[in-house]
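Please open the model in your viewer and keep the selection tool at hand. The tour moves from one selection to the next, with a short account of what is there at each stop.

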Amino acid sequence: MNNYQLGLIMNSCISVIGVTGVFIITSLAGMFSLGQAAYMAISAYITFVVAKMFGIPLILTAILGLAVSGLCAYIIAVPTLKLRKDYFALITMGFGEMMASIIVMLDKYTNGSIGFSRIPKVKNVFWIVVGLTVFVLFFAWALKRSRFGRMCIALKTDETAAKSFGVDTYRMKITVYVIGSVICGLAGILYGLKNRVITPDGFSWNLSAEMQIFLFFGGTNSLTGSALSAFFLKLIPETLRTVRIFGISLQEFRTVSYGLMILLVINFRPNGILGTKEFTWKGLVAFFRRLFAKKEAKK
Amino acid sequence: MKKTISCLLVLLVAFAVFANGAQEVKSDGPIKIGSIQDLSGSASNAGQPNAWGAEYAVKVINENGGINGRMIEIYTQDCKNDVTEGLNAYHKLVDEINVCAIIGPALSNPASAWVELAGEDQVPIVGHFMDEICTTNPDNGATYEYMFLCEPSCAQQAEDLAEYAIKELGSKKFAVLYNPSNAFAKAQTDPFVKYVVAQGLEVSANETFGWADKDYSAQALKIVASGADTVFLSDYLAQMVIAYDALRDAGFTGKVVGANTMAPPFANQVKNTVYDCYFLQNYDMLNPSVGNINELVTAHMQATGTTSPQVNVGFGWDAVLVLTEAMKKAKDPTDGAELASLIAQTKDLELSGGVKITMNASHRTDTMGMYIATYDADKNMVIVGYEKVE
Amino acid sequence: MTSSGLSSHQHKINMWLQLLINGICLGAVYALIAVGFAIVFSVLKFSNFAHGGMISACAFMGYFFQARFKTAPPIWVTIIVTALCGVVFALFLDMIAYKSIRKHKSPNIYYFLASLTISIIITSILNVFFSKNPLAFPMIFKTTTFSVGSLKVSKMDTMILVISVVILVALMFLINKTKIGLAMRAVAINPDTSKLMGINSSLILVMIFSIAGSLAGVSGVLLGCKYGVYPDLGQTMMVKGFIASVIGGLGSLGGAIAAAFLLGIIEMFWTFLFGSLSTPVMTFVVMLLFLFVRPQGISGKFAKEKV
């Protein structure tokens, strides 16, 4: 595989990690966040700026970056989660806007809108990205199936009932939000490692929206569904670079085309591609069996 | 049924991405070059004419016999003024299409991600990414071997304008109003302020606005109160218009100087009377007697239905010209390393604007200055000067 | 402002007054946008992210409408026509994006998603097709400002202020004093019960979208007149409208209007005193503090969240 294909896989993997972070927040606790790109920015900027300023190895500053992401998420969550659900999306969105302007304000360290470039090259970035993607997916899967995860899902479906069983829903939501944000932070660090340039525009509101859209496309409650959709929806616009229809290059319409795809899904499969189902090998085998059984029956 | 279709779709996509491997380059076949421009996204009004200019230049060169008999094929990719998209486009061109050189975009953000890659892959990139970080490593001052800038850098441009304001307009006290969230504006404003201060003059107000701001009247009032006689504006056209109107509405009667985004249709969009505004221009676009820039912008307006002359058409043309001039001298016009060393030796090459370019050691040019333009009473753009700070 | 006759004290007061006036005018712009959100929120309980994109699209429609004439029609004709276009456009969006969500009775979160998608699609389509020629409405006034004492007031701002106030008052009247408004409020509180009471809730929804669409049309033309017509016009202002609607108490029209004016004034003073860069930080902190102190918003009433 050449660098182009490796790069695309890395982009998709980073998207999967980000969407997994969003998945944990939305699917486990039913919160709709539109500011997850801000956590990517926080982690990425802290990791690379601190490493450069003090000459500390990246692995240490990455941990610091993730920790700060988690802390910010905690600070945002504590007041916000006391409010009505509807406020959450808008406040997280405002938080994202604020982060972008803070990065521009601190241009002495972050180089502002011109972007923080010359991030040192790291060996085996590809394997680091793929490895962490697998790890994050496994973590999310384990979390979803753990006692904590099941409690979260119960809380999501019926908050009043969960409260009456003595579950502290408020604290649970905070924990979930912090975990999800740290995972998004990880995606931000990998984004920086891969691109070696980070700009405030790269972590804009659009990215937060995109991650949320990917999640719904695959199915809000399906980890495999959202991971697959994050992977492929990141990839599909890229394939349109060379596609031409009636002599018009679809290159400029990359964004439009995935938007239209999502509208189709909303209209015809309102619960996302996989809905609440998980994609498993067993399910796949069973699916093909059914498929062939149908064909034979037709014969 | 639906599931079968979706499965097939997924497979198809995977196939489309990974099936087309690298293509062989024949030694007598066409020469492939790439062009990465902002075809979509917020800077598409600059990127589309830029792409057109480069493609038009290639067409003209091919009609005149190509590079020593070999035709050029140009592959234009969209980078959306985004780092990730820019890297995708770069790798697509270098790893899949196997281009030997790339025409870069007019904005610096995507270009700053290629500076080292271009060296590793030995692919020269020629373009108008005017921020110095795209040609020089600010950490050690080393020149990026494969990055080439074909216009004065942003510091040079800002200095030219400041020099003109100080010398010709007699400005004594400056104020700046710009959008620090826009890399283009920031890269010009910082050196402008630096230069003015270095000349012993005062910058009495340093005001900013953001993407989401639409009303700059508070900033304008502050500038008026600071007593500045000249204001420097920098951002894209829409914001420049708002800024100019805000200043005049607030009672500012001094001079307004600014980036080249003040070119037409600026004068037709502002609501106040246009007077005393001076701005940078790369070319004397409306003058048919210098270079061929007037011919280019006219051809572009006719071909695409654009209503005002676009400076970026000249950018695309110039970058192709610099690249192909090196190709003509090269033994192997597809050898990136040879091309880069030849581009670095570019000397006295006349570009579309009629000015000659000579590459210096930092892969930028010291030989080009900037035109200063203004508007007359009928809102026509008039060139009033040509400034080059030594 | 170097009028030598005034004392420096007088001068300062003038400056503050000028800022206040500018702030109110800015607030009127925000109010128009915020109400567009709030009205959809009040009934459908979701923040219509597509509103920003709709404003941009309407600005283009308005521009192309008036550009068809040799001499531009009076501004009110353009506004009315664009408002009608906005209604049609909003209903079209409802048909392609929101209808199936209602049909499937999907959770509100899907509305969020659909509106996000629509907003992205509109902005990118406009960017690809219309970015090459930046457009501007022809001038309405020969001179841009008029003087009140030593203060300068922008004519355009005044026009926007007057039109916004008229529209907002008319809207408040419609909602609070008419039968249709009553029905809207009933659907806002409980769509199922209101159905039982004989209210045609789908008709009400159509009306809500029409109102939001016509508001987008009006704001599109007004914003286009003031700031020029370009693809990111509405999208970039969306955040301000959201913040105003949050501070005002989601879904409360009166609250949103009050908060929008407040936001405009605060922003104007803050920018003057501390610069624009920190303004987003300030508005975010104000929003958080406000919610913390008064979670029900300025107006203090909203339809209760369903359990």
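What follows is a walk through a predicted model, stop by stop.

**The domains of chain B**

Begin by colouring chain B in two parts, with domain 1 covering 29–151 + 291–359 and domain 2 covering 155–281 + 371–387. The C-alpha centres of domain 1 of chain B and domain 2 of chain B lie 29 Å apart. If you then select the contact between them, you will pick up nine residues from domain 1 of chain B and nine residues from domain 2 of chain B. On the side of domain 1 of chain B that touches domain 2 of chain B, the residues divide into four nonpolar, three polar and two charged.

**The parallel sheet**

Next, select the five strands of chain B that form an open sheet in the order 2-1-3-4-5, with parallel pairing. At its edges are strand 2 (72–78) and strand 5 (147–149) of chain B, each of which pairs on one side only. Looking across the sheet, you can follow a twist that averages 25 degrees from one strand to the next. Helix 2 (residues 44–63) of chain B packs on this sheet, where it touches strand 1 (31–37), strand 2 and strand 3 (101–103) of chain B, and its direction makes about 170 degrees with that of strand 2 of chain B.

Move now to strand 4 (residues 125–127) of chain B, which pairs with strand 5 of chain B in the parallel sense over three bridges. Here Gly127(B) stands opposite Leu149(B) in strand 5 of chain B.

**A residue in helix 2**

Return to helix 2 of chain B and pick Asn50(B), which has its place in that helix. Is Asn50(B) buried or exposed? Asn50(B) counts as buried because it has 33 C-beta neighbours inside 10 Å, where 20 or more are needed. Leaving aside neighbours within four places in sequence, the residues in contact with Asn50(B) are Gln37(B), Pro105(B), Ala106(B), Asn312(B), Phe315(B) and Gly316(B). For a distance across the chain, join the C-alpha atoms of Asn50(B) and Ala158(B), which are 108 residues apart along the chain and separated by 22 Å.

**The hairpin**

Select strand 13 (residues 370–375) and strand 14 (residues 381–387) of chain B, which run antiparallel and are joined by six bridges. Tyr375(B) stands opposite Met381(B) in strand 14 of chain B. These two strands form a hairpin with five residues between them, and in the turn Lys379(B) has a positive phi of about 65 degrees.

**From chain B to chain A**

Bring chain A into view and select the contact, in which 37 residues of chain B meet 35 residues of chain A. The elements giving two or more residues to the chain B side are helix 1 (2–19), strand 2, helix 3 (83–96), helix 4 (108–111) and helix 7 (183–198) of chain B. That side of chain B divides into 14 nonpolar, 14 polar and nine charged residues.

**The largest nonpolar core**

For the last stop, select the largest nonpolar core, which has 342 residues, and in which Leu323(B), Ala34(C), Val35(C) and Ile208(C) touch the most other members. Helix 1 (residues 8–44) of chain C gives the largest share of this core, 19 residues. Domain 1 and domain 2 of chain B both give residues to this core, so it lies between them. Centre finally on Val35(C), which, leaving aside neighbours within four places in sequence, is in contact with Leu168(C), Leu171(C), Leu215(C), Leu253(C), Ala256(C) and Ile257(C).

Conventions:
Residues numbered from 1 in each chain as written. Chains lettered and ligands numbered in written order. Predicted model: local features only at pLDDT ≥ 70, side-chain atom pairs only at ≥ 80, totals over all residues. Pairing = 2+ DSSP bridges. Helix = DSSP H or I, 4+ residues; strand = E, 2+ residues; numbered from the N terminus. Axes fitted to C-alpha atoms, helices over the stretch in contact; angles between N-to-C directions. Contact = placed C-beta atoms within 7 Å. Core = buried A, V, L, I, M, F, W, Y, C linked by C-beta atoms within 7 Å. Buried ≥ 20, exposed ≤ 12 C-beta atoms within 10 Å, placed from the backbone. Domains from an automatic or database assignment. Nonpolar A, V, L, I, M, F, W, Y, C, P; charged D, E, K, R; others polar.
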